[in-house]
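User: I have a structure to go through for class. Could you take me through it step by step?
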Amino acid sequence: MKLTSIDYVLGIDIGTGSCKGLAVNLQGEKLAASNSYYGIANKMVGYEEQDPEEIWQAFIVCFKEIVSTIGNLPIAVSFSSAMHGLMLIDKENKSLTPLIIWADKRSEDIATALRKKDIAKKIYTETGTPIYSMTPLCKIMWFKKNDPQLFKKTALFVSIKEFIWFRLFNEWQVDTSIASATGLFNIHTLKWNKASLELCGILPKRLSEIVSTVFTRTDIDNSAKQILNINNDITFCIGANDGCLANLGSFALKKGEAALTIGTSGAVRVTGPKPIADFKSMLFNYILDESTYITGGPINNGGIVVKWLFKTFLNKSNPDPNDYTLLFNKISTVSPGSDGLIFLPYLLGERAPVWDARASALYFGIHSSHTQEHFLRAAVEGICFAIRSILQPLEKKIGPITQLNISGGFINSPVWMQIMSDITGKKLCLIEKEDASSLGAAMLAMKQLKLIRNYNDLKPETKFTIKPDKKNHALYKSNFVIYEKLYGALKDFMQ
């Protein structure tokens with residue numbers, strides 16, 4: 001059923017698994033949501049790619065579904081996007097490659113070698129981006145070394161958001177937030193980073209024009225107007241990356257608060273006025289706007305571990321909501337600590353704080369009394385231990401974090417959230433159930449267009465709060481000591 005005509009802003013998040021749309025009115029209330037899914041291709045081990053045309057079509061579906069539901073066009077559209085993706089574009093503005101996403105590992109040898117060089121700390125400090133196979137920096141270096149003909153043929157190196165933006169405006173532009181997650185951009189000068197470009201062997205002309213995260217346009221290309229059925233001027237805001245906007249959309253903006261997102265992967269992030277460099281743990285520093293930085297660490301293995309549990313232990317390749325309920329009911333039958341069974345969750349290697357694409361998963365402490373339920377719970381506890389391992393270096397740099405504002409798929413499981421609270425020792429707060437990155441994108445545009453005075457004008461009442469159980473937290477402290485030693489022992493063994 002269509003709603004009555006109403007003013008609203010549409011936040012679009014171009015994610016790894018789907019394109020999500022969220023329409024909110026000028027009070028920040030949800031009016032409609034849309035989600036259009038797409039897949040990941042794995043043509044070789046370590047290759048993780050997506051079809052950019054499929055993502056463009058998903059954007060169109062989201063836009064049209066929202067407009068159809070509400071009955072009128074938005075007054076503004078604002079974008080969030082997954083980070084670290086790379087596409088090679090020729091001089092005719094055609095794609096030479098699929099979208100190579102953050103999880104692609106083909107450049108891991110290049111990243112590992114670069115981290116050992118003297119220039120590594122300089123690159124990290126100037127760009128705010130950890131040196132890892134996820135980054136466009138290392139991906140471009142890989143193409144230069146392994147496919148020099150394609151590298152030479154490439155006119156532009158771009159992200160998926162730049163690709164979508166080009167389809168709308170026929171111009172290559174990139175916001176400072178997406179740029180700050182490439183390893184190619186200097187977060188202090190707000191220009192392409194000279195040392196990074198020298199490593200890649202490219203000039204700035206092979207990258208898009210840099211604009212601010214609140215950059216807007218109304219001059220949409222006629223062909224895009226026809227595709228989207230737009231018959232009047234709509235303001236499009238280029239927006240920021242999904243991690244920065246998740247902080248905004250979950251209202252994790254104060255000292256002592258952090259945003260925690262667990263989806264396929266996961267991350268912990270804090271908001272501050274300046275970047276915080278820590279080369280040892282390589283905390284990232286990405287730009288929300290020209291006076292706001294988002295600092296934190298990402299993990300590779302979030303919801304992907306739960307999907308692996310379904311496939312490996314429960315023979316479920318496509319679990320439905322009832323399956324998730326069954327899984328966490330099983331987990332809840334096991335006492336905290338899984339009777340000494342500990343899981344290192346590095347199924348896809350790991351980013352922060354170990355930054356090792358070759359890291360692997362491990363169960364430790366198995367004995368004959370352990371059941372299927374123990375293995376299931378230990379795996380979820382392992383994800384939470386990974387989050388705790390990021391919180392430690394973060395707190396050393398900025399001081400105590402007392403509250404985690406949560407978002408992502410894991411908020412649908414009370415059991416998982418309680419385990420997270422017990423392991424981290426933090427209070428978990430659900431401020432907003434809707435997709436935090438899409439909401440953050442909408443909020444960014446609303447403030448820029450002066451539809452709101454400040455972000456807290458839209459802050460809703462906290463949906464619920466989960467507090468840690470002190471007894472369980474003390475138990476998990478002992479297990480965490482073992483967890484931290486496992487990676488070092490495994491790494492030494494594999495070498």
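Analyst: A good place to start is Arg106, whose charged end sits over the ring of Trp142, 5.3 Å from the ring centre. The charged end of Arg106 also sits over the ring of Tyr47, 3.8 Å from the centre of that ring. A charge sits over a ring if NZ of Lys or CZ of Arg is within 6 Å of the ring centre and within 35 degrees of the ring normal.

User: Before we go on, what kind of model is this?
Analyst: This is a predicted model, in which local features need pLDDT of at least 70 and side-chain atom pairs count only at pLDDT 80 or more, while totals for chains, interfaces and linings use all residues. Residues are numbered from 1 along each chain as its sequence is written, and side-chain values use heavy atoms, with hydrogens and water left out.

User: Back to rings. How many aromatic pairs are there?
Analyst: The count comes to 30 aromatic pairs. Rings of Phe, Tyr and Trp (its six-membered ring) pair if their centres lie within 6.5 Å; planes under 30 degrees apart count as stacked, over 60 as edge-to-face and the rest as tilted. One of the pairs is Trp165 with Phe215, which is tilted, with 6.5 Å from centre to centre and 55° between the planes.

User: Where do Trp165 and Phe215 lie?
Analyst: Trp165 lies in helix H6 (residues 160-169), and Phe215 is in the loop between strand E12 (209-211) and strand E13 (216-217), so the pair ties together parts that are 50 residues apart in sequence. Helices (H or I, at least four residues) and strands (E, at least two) are DSSP runs, numbered from the N terminus.

User: Are those two rings buried or exposed?
Analyst: Trp165 is buried, at a relative accessible area of 1%, whereas Phe215 is partly exposed, at 24%. Buried means under 20% relative accessible area, exposed over 50%, and partly exposed in between (1.4 Å probe, protein chains only).

User: What about Phe385 and Tyr483?
Analyst: Phe385 and Tyr483 form a tilted aromatic pair, 5.2 Å centre to centre with 35° between the planes. Phe385 belongs to helix H13 and Tyr483 to helix H16 (residues 470-494), so this pair links distant parts of the chain, 98 residues apart. Phe385 counts as buried at 1% relative accessibility, and Tyr483 counts as buried at 2%.

User: Which residues form the aromatic cluster?
Analyst: Trp56, Phe59, Phe63, Phe79, Trp165, Phe169, Phe215 and Phe236 form one aromatic cluster.

User: Let us change topic to the sheet. What is the strand order?
Analyst: Seven strands form an open sheet in the order E17-E18-E16-E15-E21-E22-E23, with mixed pairing. Strand E17 (284-289) and strand E23 (464-466) stand at the edges with a single partner strand each, so one side of each has no neighbour in the sheet. Two strands pair if DSSP finds at least two bridges between them.

User: How do E15 and E16 pair?
Analyst: E15 and E16 pair in the antiparallel sense over four bridges, and a hairpin of three residues joins E15 to E16. E16 and E18 also run antiparallel, joined by seven bridges. By contrast, E21 (residues 403-407) and E22 (residues 427-430) run parallel and are joined by three bridges.

User: Is E16 buried or exposed?
Analyst: Seven of the seven residues of E16 are buried. On one side these are Gly266, Val268, Val270 and Gly272, and on the other Ala267, Arg269 and Thr271.

User: Now a helix. How many residues of H15 are buried?
Analyst: In H15, 11 of the 13 residues are buried, so this helix is largely enclosed by the rest of the structure. Helix H15 (residues 436-448) reaches 18 Å from its first C-alpha to its last, close to the 18 Å expected at 1.5 Å a residue. The expected span is 1.5 Å times one less than the number of residues. Just after H15, Lys450 takes a positive phi of about 60°.

User: Last one: which residues is Ser159 in contact with?
Analyst: Leaving aside neighbours within four places in sequence, Ser159 is in contact with Gly85, Met87 and Ile178, where contact means heavy atoms within 4.5 Å. Ser159 lies in the loop between strand E8 (156-158) and H6, and is buried with a relative accessible area of 7%.
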